[in-house]
Amino acid sequence: MARSFDVVYPPKDRIHLDGGLNNKYDPQIILDNETPSCMNVIFENGSVETRPGTAKLNTTSVGSYVCEGLYTRHDNTGSESMCAWYNGSLFVLAATTFVTVPSAQSIYTAGGRIYSAEYQNYIFFCNSTNIPYKYNNGDFTRHGIYPPQSTPTAATAPTGTGLTGEYVYKVTYVNSGLVEGDVSTATSTFTAANENIRVTIPTAPASYGVIYRRIYRTEAGGTDFKRVTTVTNNTATTYDDAVADVDLGVDAPTDQGVPPNYAAVLYHQARLFVIDPGDYFIKYSEIGNPYVFKALSFIRLGNNCGEIPKTLAVFDNSIMINCQDNNSWLIYMPSADDADWIPVRIKTTYGSNSPFAVFNFKDRVMFAATENSKLIGFAAAAGDAIDPNATLLTVSNAGSNTKSDVIEPDIFDINESYLDQISAIVYKQKAYITVPYGGSQTTNNRIYVYDYSIENISKSQKFTWSPWSGLNANQFAIYGGKLYYGCSDDVGHVYEMLTSTYNDSGAAIDSYYWTKEFSGGGGHDNWHKDFRYINILYELSGTYFMDLFYRLDSDLGVGNSTQIDLNPGSSTWGSMRWGLDTWEPGKQTRESKVFLGNSRGKRIQFKFTNQNTLNQKFKIVGINYAYNLRGKR
């Protein structure tokens, strides 16, 4: 060996603690930049630091309710509106207050999760068991165009002549998108004798979203229904018909079905795709028309027995469908014509029970994967081969593998009885996944951050994982360019994430990072050592301290500790008192050598914390350490 004393590791560089959580393997054998245990940290530009804080968005609570859905509605003017569901009712954000949508109160059963998709300036909602609705920042009405619930009637009009013969009438509704629904049931046959006919036409409830109605009639003695007129309101209750048979218009529509009470919904190729929990078919709307679902517009997967679809996602130019437990499919779509679509089974044994936990990143789709009813991790589907060897998707091949192997112990602690509660979102090249962590946990209480931006200095990993606690998120949304979550506790609040403060609405953030167990340079694993000092490059974050702990040879105790001053050495911006303090620019970072006292052993491990104190953080840019070799014994 070169030297027995004052051996520095690494000899020419620092260890950048940016590799993320790896608690599957022993802390002695993970990579130098990985951690066997951390909480509430982020990995940025080769460093590890305390995560940003959160703050209440709505200062006044909606009520003692869990957030059942949180979405942002966009339209083609560029405007946004945040939509939050509580207690089966829709609320919309106004400044820092959620206000009620009067026609959207007590629409759904309280406590049920709400599914949503956007199309044509509307946002569509459903809870899988009740009628779906649409909202456009003013109009909250039914998603589909339902036919009249009452039957029109026909009788002699008080005035007029001209119609002779036997006639039958039907009526349709037309919504604000100028799309027509199915016809009503027919009137009884009315026999006219050189007279006009008064048709009593039903009006639609406001929730139907009807602006026009159309009347159809047979020719004298005929069976085909043709248009008589369009009534351009939803208020008139009668119409006197004097239209001759030769002047009748187009045929009445057929097969203008409404969407099912769907359990998931997705926009793709100018259609809405939904999962019908009644028959487990994938059903879809007409092109350019999200309101009409024709009777034969459905896809059945497999044998319709064990393959129960749970999730929908866009994958390349296809739709990916994860079924309950062990199956996943692609609907390959070379064109918008449904006659060209091809169902293809993905080459994987994984399924999913988490419809809110599917997200796209790069050229992949990630989902909470199950196998034989057990959550086994988060899997990424890629085209043509098992990820990460992804190429463009072909008709015949697609595969998936888990991306969460390194945090498998945490995965197995997620409560599998509540997999349908897992939610995820992608924001600035990171995925945020909220889960019910703990065997008895029934609501989401932990966030896992999956960072796929590949920015760590060592480039030894392509992604990192970091767990965050203290944030009970039920669902995420991006609004005004910022990330928010609706709370899984019954507090009626939405929270802004990633604020510039280091507290969670006034609560301290418990932030810490354990390094791996270091055994020194090559060939020194089995040598006893005197660990002399650690050299730390760290940010001077404020006028407070961070804690450094160190322990030896897999000790499970807290170890020895010391405090490190993070004071930048001058008045910090925002805290200087004019006339009392001296303004100096100070320093941004400092490199300090911390001596480790009588620390003898084969391996050493370090921990950094923010002291679990309000508005404190730490940021470690890199470390190295020194030791003397004592001998093999």
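These questions and answers set some residues of the predicted model against the definitions used.

User: What kind of model is this, and which values of pLDDT apply?

Analyst: The model is predicted; local features need pLDDT of at least 70, side-chain atom pairs count only at pLDDT 80 or more, and totals for chains, interfaces and linings use all residues. Numbering runs from 1 along each chain as its sequence is written, and side-chain values use heavy atoms, without hydrogens or water.

User: Why is Gln 120 called partly exposed?

Analyst: Its relative accessible area is 35%. Buried means under 20%, exposed over 50%, and partly exposed in between (1.4 Å probe, protein chains only). Therefore Gln 120 counts as partly exposed.

User: What makes the phi of Gln 120 notable?

Analyst: Phi is near 55°, a positive value in a residue other than glycine. Gln 120 sits in the loop between strands E10 (115–119) and E11 (122–126). Strands are DSSP runs of at least two E residues, numbered from the N terminus.

User: Why does Asp 255 count as partly exposed?

Analyst: Asp 255 has 33% relative accessibility, so it falls between the two cut-offs. Its phi is also positive, about 60°, although it is not a glycine.

User: How do you know that Glu 34 has no salt bridge?

Analyst: A salt bridge puts a side-chain nitrogen of Lys or Arg within 4 Å of a carboxyl oxygen of Asp or Glu. For buried Glu 34, the nearest side chain of opposite charge, Lys 516, is 7.8 Å away. Therefore the pair fails the cut-off.

Terms used
Helix = DSSP H or I, 4+ residues; strand = E, 2+ residues; numbered from the N terminus. Lys, Arg positive; Asp, Glu negative; His and termini not counted.
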